[in-house]
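Reader: Could you walk me through the salt bridges and cavities here, and tell me what earns each label?

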Amino acid sequence: MSGHRERLAAVDVGSNTILLTVAQYDPEAGLVIVEEAEDQPRLGAGLSATGRLSEEAMLRALRTLTSMRDTYRKRGVERVAAVATAAVREAVNGAEFVERARALDIPLRIISAETEAALSYRSATHHFPGGGRQVVADIGGGSLELIGATNSRVSLSRSLPLGAVRLTELGLPPEQLREHIRRALSESVQLTGWTGSTVIGSGGTFATLASIVLARRGSAGRPVHGTIVSAEEVERLLLELSGLSAEQRRQMPGLRPERADIIVAGLAVIAELLKAVDSGGVTVSGFGLRDGLLLEMVGVE
């Protein structure tokens, strides 16, 4: 006889996207996803220039959170983990946003960059177990989280201000953007010891990359999880997209229209990271921080 099947919800409030996963946990069957939801209120829009979350962005995000709260309540969720990352963490009025969310009965909390990276790593290694050297990268709207491990022993953990929205707002042409990313990586992280590592990528940028590549391979609509994209494919796609307008990108199969304006910056981060570790490609994870939260909630490695 199986044990109690608990309903759980994990909410990830990022700089660009807010995501919800409702899952059911059975001690025998493990975690089973019941429902997922996603919205892109761009909470971190303009943050780099002002240091604050704008009132308009907060209202958009709070509307999204209210809708997600209603969704997980209807699903009979018993426990909720809701976390805010780079945008709320960095904003001078981040605490105000958290209090406004809590007033809506959403148990939001700000997590550190280290915790954010650890949760992404937990998810990646759960779905891609194995030895050797691994670099797990999670690109959000505001930051890039990097964790490096050898035979599951973590020895690298960094958070860099290289999120897709933040970089897009710099307004740099492609070559200058890549130089900015290259310099940030070389000055902040010692990656020379990670040459040839297996790179695992999670987050919206990696999922979008896989979606576009699958569409081009004639596998549109297939789940992105486990897709391997070569460094050459990343470079070719980045070059092509850099030459298109945002409107032209919106017509590209596999590319969700709301990501058309930030995808070039995200792909530039992937390209420069693969070059920095001299990797032939990246394995895309369809899971990420929310999955790590759920695993933490039920105590599963």
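Reader: Why is the contact between Glu-36 and Arg-290 called a salt bridge?

Author: A salt bridge is a side-chain nitrogen of Lys or Arg within 4 Å of a carboxyl oxygen of Asp or Glu. For Glu-36 and Arg-290 the N to O distance is 3.6 Å, so the pair meets that definition. Glu-36 sits in strand 3 (residues 30-39) and Arg-290 in helix 12 (residues 289-298), 254 residues apart. Helices (H or I, at least four residues) and strands (E, at least two) are DSSP runs, numbered from the N terminus.

Reader: What should I keep in mind about the model itself?

Author: It is a predicted model, in which local features need pLDDT of at least 70 and side-chain atom pairs count only at pLDDT 80 or more, while totals for chains, interfaces and linings use all residues. Residues are numbered from 1 along each chain as its sequence is written, and side-chain values use heavy atoms, with hydrogens and water left out.

Reader: What makes Arg-290 buried or exposed?

Author: Buried means under 20% relative accessible area, exposed over 50%, and partly exposed in between (1.4 Å probe, protein chains only). Arg-290 has 15%, so it counts as buried. Its partner Glu-36, at 47%, is partly exposed.

Reader: How do you know that Glu-145 and Arg-89 form a salt bridge?

Author: Their N to O distance is 3.9 Å, and that satisfies the cut-off already given. Glu-145 lies in strand 7 (residues 144-150) and Arg-89 in helix 3 (residues 86-90), so the pair ties together parts 56 residues apart in sequence. Glu-145 is buried at 2%, whereas Arg-89 is partly exposed at 24%.

Reader: Which residues are linked in a network of salt bridges?

Author: Arg-178, Glu-179, Arg-182, Arg-183, Glu-235 and Glu-272 are. Within it, Arg-178 and Glu-272 have their closest N and O atoms 2.7 Å apart, and both residues are buried. The whole structure has 23 salt bridges.

Reader: What makes a space a cavity?

Author: On a 1 Å grid over the protein atoms alone, a cavity is a set of points where a 1.4 Å probe fits but cannot get out; lining residues have an atom within 4 Å of a point. Grid points are joined across faces, edges and corners, and a volume is the space filled by probe spheres set on the points. There are 2 cavities of 30 Å³ or more: the largest has about 70 Å³ and the second largest about 40 Å³. Helix 3 gives the most to the lining of the largest, with 3 residues. Glu-145 is among the residues lining the second largest.

How values were computed:
1 Å grid on protein atoms, 1.4 Å probe; cavity = no way out; pocket = protein on both sides within 12 Å on 5 of 7 lines; lining within 4 Å.
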